Amino acid sequence: MSNRRDFLKKAGMVSAGSATAILGAPAVVSAKEPIRWRLQTYAGPALAEHVIKPAVDAFNIAANGEMVIELYYADQLVPTGELFRAMQKGTIDAVQSDDDSIAAPVDISVFGGYFPFATRYSLDVPVLFEEYGLKEIWQEAYGEVKGVTWLSAGSWDPCHFATVDPIRSLADLKGKRVFTFPTAGRFLSRFGVIPVTLPWEDVEVAVQTGELDGIAWSGITEDYTVGWADVTNYFLTNNISGAWCGSFFANSERWDALPDHLKVLFNMMMDMSHYYRQHWYWGGEAKLRTQGTKMQLTTIPDDEWRQVELEAINSGTKLLKPAHVTQG
């Protein structure tokens with residue numbers, strides 16, 4: 001019996017050695033370290049649970065250990081207004097935000113975020129990019145700056161006022177201190193609104209302490225999701241834009257270094273994020289306006305609100321005129 005066992009042991013040793021010699025491979029193969037990216041979003045944790053985290057989680061599973069995206073929330077690594085420069089330097093590998101908020105040094109940044117009345121509905125954004133040439137315009141603009149690659153744009157929610165006191169006329173806007181996006185803030189200041197810039201996570205407390213009178217950052221879906229509906233009392237049904245226009249960006253060197261199959265997977269992740277937001281925001285806007293109990297709806301009459309719409313049209317014409325309108 002012992003001879004038989006010795007024979008089996010020796011046979012096993014010969015087989016292992018032969019296999020190594022034939023295949024030319026070591027007996028133990030070490031796993032390759034995955035590519036790691038740090039992606040920072042404009043959104044705080046509660047909102048990121050919808051606008052980006054499901055897509056990142058899916059990517060990390062599908063990448064099967066070849067790549068891992070580490071997700072960071074608003075201002076967690078660097079302030080939102082410094083994201084472009086941080087991306088250029090490689091401090092951040094990728095960003096989800098809008099051109100204006102990250103201070104992108106491109107001429108089209110004024111149309112990022114909530115450019116007033118640039119869109120009426122959420123589907124306007126992807127249609128404009130995919131069917132009417134905005135994708136090529138954005139690619140050209142970011143091709144003129146070094147270090148950052150624009151990847152994909154999508155739409156978010158409409159922009160409405162959530163306020164402590166009711167807004168029922170344009171006069172009610174005067175003197176209101178409002179947290180909003182840079183583009184929207186510059187426009188709304190024409191109607192007496194005082195734009196206030198704060199870190200995203202400080203907004204709720206600022207409303208409670210009276211530092212802010214309201215928020216013009218989102219639709220009612222976000223107001224309920226992030227807790228702003230708990231500290232404001234009124235929701236103005238007139239919107240200053242039908243959809244936020246935001247994008248994904250990446251450090252150019254890191255993007256170019258990705259193998260093609262991971263670039264395809266990253267593109268699929270962005271599309272997943274875009275699609276989820278379309279139905280989540282749209283459904284929430286309808287449901288919470290009719291069934292929500294935290295905020296009372298108010299409206300500025302159409303004939304009065306028309307003044308705001310005309311001002312937005314005139315603003316857009318002035319911005320487009322130098323580059324796109326021929327004098328004659």
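Two strands count as paired if DSSP finds at least two bridges between them. The exercises below apply this and a few other cut-offs to a predicted model.

**Exercise 1. Strand S3 and its partners**

Determine which strands pair with S3, and in which sense each of them runs.

Step 1. Strand S1, which covers residues 35-41, and S3 are joined by three bridges, and the two pair in the parallel sense. Within this pairing, Leu39 has Ala94 of S3 as its bridge partner.

Step 2. On strand S10, residues 245-251, the count is four bridges to S3, and here the strands run antiparallel. Ser97 stands opposite Ser247 of S10.

Step 3. Both counts, three bridges with S1 and four with S10, can be held against the requirement of at least two bridges.

Step 4. To finish the picture of S3, consider its side chains: Ala94 and Gln96 point one way from the strand, which spans residues 94-97, while Val95 and Ser97 point the other way, and all of them are buried.

**Exercise 2. A salt bridge beside S3**

Explain why the salt bridge between Asp93 and Arg254 ties together parts that are far apart in sequence, and decide whether each partner is buried or partly exposed.

Step 1. The closest N and O atoms of Asp93 and Arg254 are 2.7 Å apart, and the cut-off for a salt bridge is 4 Å.

Step 2. Asp93 belongs to the loop between helix H4 (83-89) and S3, whereas Arg254 belongs to helix H10 (residues 252-257), so the pair ties together parts that are 161 residues apart in sequence.

Step 3. Buried means under 20% relative accessible area. Asp93, with a relative accessible area of 5%, is therefore buried, whereas Arg254, with 29%, is partly exposed.

**Exercise 3. Helix H9, helix H11 and the loops that follow them**

Work out which residues Thr221 touches beyond its sequence neighbours, and then follow the salt bridges of Glu285 and Asp230.

Step 1. Thr221 has its place in helix H9, residues 220-226, and is buried, with a relative accessible area of 3%.

Step 2. Leaving aside residues up to four places away in sequence, Thr221 touches Trp280, Tyr281, Gly284, Glu285 and Leu288.

Step 3. Glu285 also forms a salt bridge with Arg289, with the closest N and O atoms 3.0 Å apart. These two residues are four apart in helix H11, so about one helical turn separates them. Glu285 counts as buried because its relative accessibility is 8%, while Arg289 is partly exposed at 28%.

Step 4. Asp230 forms a salt bridge with Lys294, and their closest N and O atoms are 2.8 Å apart. This pair links distant parts of the chain, 64 residues apart, with Asp230 in the loop between H9 and strand S9 (234-236) and Lys294 in the loop between helix H11 (260-291) and strand S11 (296-298). Lys294 is partly exposed, with a relative accessible area of 40%.

**Exercise 4. The second largest pocket**

Describe the volume of the second largest pocket and the residues of its lining.

Step 1. The space in this pocket comes to about 360 Å³.

Step 2. Its lining is made up of 20 residues, and those nearest the centre are Thr80, Phe179, Thr197, Leu198 and Trp217. Strand S6 (177-180), helix H7 (182-188) and strand S7 (194-196) are the elements that give two or more residues to this lining.

Step 3. Sorted by character, the lining residues of the pocket divide into twelve nonpolar, seven polar and one charged.

Methods:
Residues numbered from 1 in each chain as written. Predicted model: local features only at pLDDT ≥ 70, side-chain atom pairs only at ≥ 80, totals over all residues. Heavy atoms only, no water. 1 Å grid on protein atoms, 1.4 Å probe; cavity = no way out; pocket = protein on both sides within 12 Å on 5 of 7 lines; lining within 4 Å. Points joined across faces, edges and corners; volume = space filled by probe spheres on them. Nonpolar A, V, L, I, M, F, W, Y, C, P; charged D, E, K, R; others polar. Buried < 20%, exposed > 50% of the residue type's maximum accessible area, 1.4 Å probe, protein only. Contact = heavy atoms within 4.5 Å. Salt bridge = Lys/Arg side-chain N within 4 Å of Asp/Glu carboxyl O.
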